[in-house]
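User: Hi! I have a model open and would like to talk through some of its local geometry with you. Could you bring it up here?

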Amino acid sequence: MLEKNRAIDPIIDLLDDAPVSAYVSAMDSRELLYANKMAKRRFFSSTQGCKATGSCPAGFEGPCPFFNGGKNKIPIARSGKFFCPQHGCSYRFRSKSIPWENGTADLTYLEEDRQGEQADLQTKKQNFQEFFSSIPCGLGVYQLDQEHITLLFHNHAFYEMAGYSPEQSSLLEKETTFLGVHPEDLSLLKEKILKASRENGILRHTFRIWNDLRQEYRYFDLHGSVKEAEAGKKLLYGVYTDVSERVQLEKEMTDTSEKIQDIVNAIPGGVAIYKVSDIFETIYFSEGVPELSGYT
């Protein structure tokens, strides 16, 4: 890098603490003549980018997209933006010719393209929502802050499964993530979520949510996982499955088994089932068997 002289000291003082990356390169050879503190840190350090020339900062192996190269030495102002493959983000640039040493040089400003990043983030968020909205099971993302839970996202399938009315859906987005949960299930659900939050672990819990369209409580199986996020925040990712039919079937099977048990116990004498192999193994006996045999 060429030594600066006193004639350009005011320019150096002005650029050194500028809140953007700025560097000066020779118009013809593209030799790097000067880089301010931010440019050195981001583009011209010993491990980043090119150290010898102003034509290939930001990890480019050849001339960067805004290089006014070739034999064109006409002082012109240029501006635009480019994507930096090394940093993984977009930058806006402004470049113009300024007096330097005994001639002219190229002064280039580089700053992150925040607007472009926001637009890209919004696009990714929209694609994310469209993708997860097409999944048939219910999905939810929540931010955990001590005992407070903030809803970040529910997919469309969740609202369909829960049967929320439009009024309930609007209320859910604004006020609570426990809308419609059965009062008897609420305490244990919160307890399991907080336990998963403390341990950064997983949870599985079955509970009831009031379905306004069906006018009944439906059973939901929640599989959740808590992960650390940036700035010390924690996120709970949950997958919901409506298991009402399964719970109802299990209940009916239990009721049927109990009824059969009552019928068998009412048979005079005793009923027993044995497995005959090398040994004589009792599989089942009714209440009448110990009464007849005198065994406990």
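User: Where is the place of Ser-244?

Analyst: Happy to help, and please keep in mind that this is a predicted model. Ser-244 has a relative accessible area of 9%, so it counts as buried. Beyond its neighbours within four places in sequence, Ser-244 is in contact with Arg-218 and Tyr-219. As for its place, residues 244-265 make up the element that holds Ser-244, and that element is helix H7.

User: Turning to helix H6, how far apart are its end C-alpha atoms?

Analyst: Helix H6 covers residues 183-199, which is 17 residues. The expected span takes 1.5 Å times one less than the number of residues, so H6 should span 24 Å. The value from the model agrees with this, as the end C-alpha atoms of H6 are 26 Å apart.

User: What arc around the axis do the buried residues of H6 cover?

Analyst: The buried residues of H6 are Asp-185, Leu-189, Ile-193, Ala-196 and Ser-197. An α-helix has 3.6 residues a turn, so residues three or four places apart point the same way. The buried residues of H6 lie on the same side of the helix because they cover an arc of only 100°.

User: Which residues are exposed on the other side of H6, and which strands are included in what covers its buried residues?

Analyst: On the other side of H6, the exposed residues are Glu-184, Ser-187, Glu-191, Arg-198 and Glu-199. The cover over the buried residues of H6 includes strands S6 (138-145), S7 (148-154), S8 (202-211), S9 (216-228) and S10 (234-242).

User: Among those strands, how do S8 and S9 run, and which residue in S9 is the bridge partner of Phe-207?

Analyst: Ten bridges join S8 to S9, and the two strands run antiparallel. They form a hairpin with four residues between them, and in the turn Gln-215 has a positive phi of about 60°. The bridge partner of Phe-207 in S9 is Phe-220.

User: Which residues do ring pairs link into a cluster with Phe-220?

Analyst: The structure holds seven aromatic pairs. One of them joins Phe-158 and Tyr-164, with 6.1 Å centre to centre and 50° between the planes, so it falls short of the 60 degrees that edge-to-face requires and is tilted. Phe-158 is buried at 3% relative accessibility, and Tyr-164 is buried at 7%. Ring pairs link Phe-220 into a cluster with Phe-158, Tyr-159, Tyr-164 and Tyr-240.

User: What kind of aromatic pair do Trp-210 and Tyr-217 form?

Analyst: Trp-210 is partly exposed at 25% relative accessibility, and Tyr-217 is partly exposed at 34%. Their ring centres are 5.1 Å apart. The planes stand 70° apart, which is over the 60 degrees needed, so the pair is edge-to-face.

User: Over which ring does the charged end of Lys-190 sit?

Analyst: A charge can sit over a ring in this model, and Arg-94 lies over the face of Tyr-109 at 5.2 Å from the ring centre. The charged end of Lys-190 sits 5.3 Å from the centre of its ring, and that ring belongs to Phe-178.

User: How far apart in space are Ile-135 and Phe-158, C-alpha to C-alpha?

Analyst: Ile-135 is in the loop between helix H3 (114-133) and S6, and it is partly exposed at 22% relative accessibility. Not counting residues up to four places away in sequence, Ile-135 touches Asn-155 and Ala-157. Ile-135 and Phe-158 are 23 residues apart in sequence, and their C-alpha distance in space is 9.8 Å.

Terms used
Residues are numbered from 1 along each chain as its sequence is written. This is a predicted model: local features need pLDDT of at least 70, side-chain atom pairs count only at pLDDT 80 or more; totals for chains, interfaces and linings use all residues. Side-chain values use heavy atoms; hydrogens and water are left out. Rings of Phe, Tyr and Trp (its six-membered ring) pair if their centres lie within 6.5 Å; planes under 30 degrees apart count as stacked, over 60 as edge-to-face and the rest as tilted. Buried means under 20% relative accessible area, exposed over 50%, partly exposed in between (1.4 Å probe, protein chains only). A charge sits over a ring if NZ of Lys or CZ of Arg is within 6 Å of the ring centre and within 35 degrees of the ring normal. Contact means heavy atoms within 4.5 Å. The arc is that of the directions from the helix axis to the C-beta atoms. Two strands pair if DSSP finds at least two bridges between them.
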